Amino acid sequence: MTLTPGGTTHRRTLRWQLARVLAVRDETPRARTLRLALPEPRRHVAGQHYVVRLTAPDGYTAQRSYSVASAPDDTGEIELTVEELEDGEVSGYLHGVVEPGDELEVRGPIGGYFAWAGDTPALLVGGGSGVVPLMAMLRQARRAGAGDLLRVVVSARTAADLYYADELPGPETTVVLTRTGRGRLTVDDLAPLVRGGEDVFVCGSPGFCDAVTDLLVEAGVPVGSIRTERFGPSG
């Protein structure tokens with residue numbers, strides 16, 4: 001999955017480095033998580049992303065941005081969850097070729113706008129692959145014993161399309177299945193979760209983000225409290 005960066009961190013984080021692939025695992029039939037070891041560990045903030053760059057033998061390069069799915073820590077390791085896109089030259093390589101022991105050129109962490117420090121109440125709303133940066137926030141809160149800071153709503157087409165299906169469910173989360181359940185998110189799904197004064201993070205396709213923003217405003221959330229990250233194929 002690719003995203004439009006909301007900002008950048010300190011300039012030193014923009015240097016490229018070779019990360020080693022430690023493990024890969026499937027999240028859904030079209031989503032794969034890669035665990036990477038960074039030679040120059042850099043603690044990220046939940047919601048930030050890394051850029052992955054591939055270079056062909058003839059010098060051609062392609063790069064895409066992927067959100068960090070793992071909680072911030074000091075292990076020097078991160079997890080990126082990649083959705084395989086139709087004709088995606090980077091996502092296709094990461095799904096079909098990369099295996100443990102390989103090296104990937106990465107740069108980051110990047111992003112300041114769509115980032116949660118972990119110590120304030122927040123409402124998280126994700127659609128499809130948009131759950132990835134929100135999962136970093138949820139993992140951080142649970143690890144700190146602060147799950148009550150978050151309320152999380154995730155929309156997926158079917159149960160088979162739900163990322164992190166074995167880990168996501170909990171007292172903080174609500175899952176809405178749009179194809180096998182009752183349809184799209186409504187204001188009735190979101191309004192009971194709005195406490196007032198919290199930051200709201202919305203991540204998904206452009207259409208999803210626009211629709212959810214309208215619902216949140218209808219539920220009484222000030223527009224200035226809503227931060228969106230729009231995901232989709234690169235142009």
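This passage walks through a predicted model, taking helix α2, the nonpolar cores, the salt bridges, helix α4 and the cysteines in turn.

Helix α2 is a handy place to start. It covers residues 131–143, which makes 13 residues. At 1.5 Å a residue, a helix of that length should span 18 Å, and the end C-alpha atoms are indeed 18 Å apart, so expectation and model agree. Most of α2 is tucked away from the surface, with eleven of its 13 residues buried. The buried set begins with Val-131, Val-132, Pro-133, Leu-134 and Met-135, and carries on with Ala-136, Met-137, Leu-138, Arg-139, Gln-140 and Ala-141. Arg-143, on the other hand, is exposed, because its relative accessible area is 57%. Just past the helix, Gly-145 takes up a positive phi of about 70 degrees.

What does all that covering go with? The largest nonpolar core has 28 residues, and α2 gives the largest share of it, eight residues. The residues with the most contacts inside this core are Trp-116, Leu-124, Met-137, Leu-150, Tyr-164, Leu-168 and Phe-201. Helix α2 has company here: β7 (122–127), β8 (150–156) and β10 (199–204), like α2, each supply at least two core residues. The core also reaches across the domain assignment, drawing at least three residues from each of domain 1 (17–110) and domain 2 (122–230).

Trp-116 gives a closer look at how this part is packed. Setting aside neighbours within four places in sequence, Trp-116 is in contact with Val-45, Ala-46, Ala-122, Met-137, Gln-140, Ala-141, Leu-149, Leu-150 and Phe-201. A second core, separate from the one just described, has 19 residues, and Leu-34, Leu-36, Ile-78 and Val-90 are among them.

Next come the charged pairs. Side chains of opposite charge can pair when their charged atoms come close. The structure holds 16 salt bridges, and Arg-35 takes part in a couple worth following. Glu-77 and Arg-35 meet through their side chains, with 2.8 Å from N to O. The two are 42 residues apart along the chain, with Glu-77 in strand β5 (residues 77–83) and Arg-35 in strand β2 (residues 31–37). Glu-77 is partly exposed, with a relative accessible area of 25%, and Arg-35 is partly exposed too, with 21%.

Arg-35 also forms a salt bridge with Glu-79, where the closest N and O atoms are 3.1 Å apart. Because Arg-35 sits in strand β2 and Glu-79 in strand β5, this pair ties together parts 44 residues apart in sequence. Glu-79 counts as buried, at 8% relative accessibility.

Another salt bridge involves the end of α2. Asp-73 pairs with Arg-143, the closest N and O atoms being 3.6 Å apart. Asp-73 lies in the loop between β4 (61–67) and β5 while Arg-143 is in helix α2, so this pair links parts that are 70 residues apart in sequence. Asp-73 counts as buried, with 17% relative accessibility, whereas Arg-143 is exposed. Salt bridges with shared partners also build a network, joining Arg-25, Glu-27, Arg-35, Glu-77, Glu-79, Arg-139 and Glu-167.

Now for helix α4. Val-212 is found in this helix, which runs over residues 206–218. Is Val-212 buried or exposed? Val-212 is buried, since its relative accessible area is just 2%. Leaving out neighbours within four places in sequence, Val-212 is in contact with Val-125, Leu-185, Leu-190 and Val-202. The C-alpha atoms of Val-212 and Val-187 are 8.5 Å apart, although 25 residues separate the two along the chain.

That leaves the cysteines. How many disulfides does the model contain? The count comes to zero. Why is Cys-203 not bonded to Cys-209? The sulfur of Cys-203 has its closest cysteine sulfur in Cys-209, but the gap is 6.1 Å, which is too far for a bond. A disulfide would need the two sulfur atoms within 2.5 Å. Cys-209 is likewise in no disulfide, with the sulfur of Cys-203 as its nearest, 6.1 Å away. Both cysteines are out of sight: Cys-203 is buried, at 0% relative accessible area, and Cys-209 is buried, also at 0%.

How values were computed: Residues numbered from 1 in each chain as written. Predicted model: local features only at pLDDT ≥ 70, side-chain atom pairs only at ≥ 80, totals over all residues. Heavy atoms only, no water. Buried < 20%, exposed > 50% of the residue type's maximum accessible area, 1.4 Å probe, protein only. Helix = DSSP H or I, 4+ residues; strand = E, 2+ residues; numbered from the N terminus. Expected span 1.5 Å × (residues − 1). Salt bridge = Lys/Arg side-chain N within 4 Å of Asp/Glu carboxyl O. Core = buried A, V, L, I, M, F, W, Y, C linked by side-chain atoms within 4.5 Å. Domains from an automatic or database assignment. Contact = heavy atoms within 4.5 Å.
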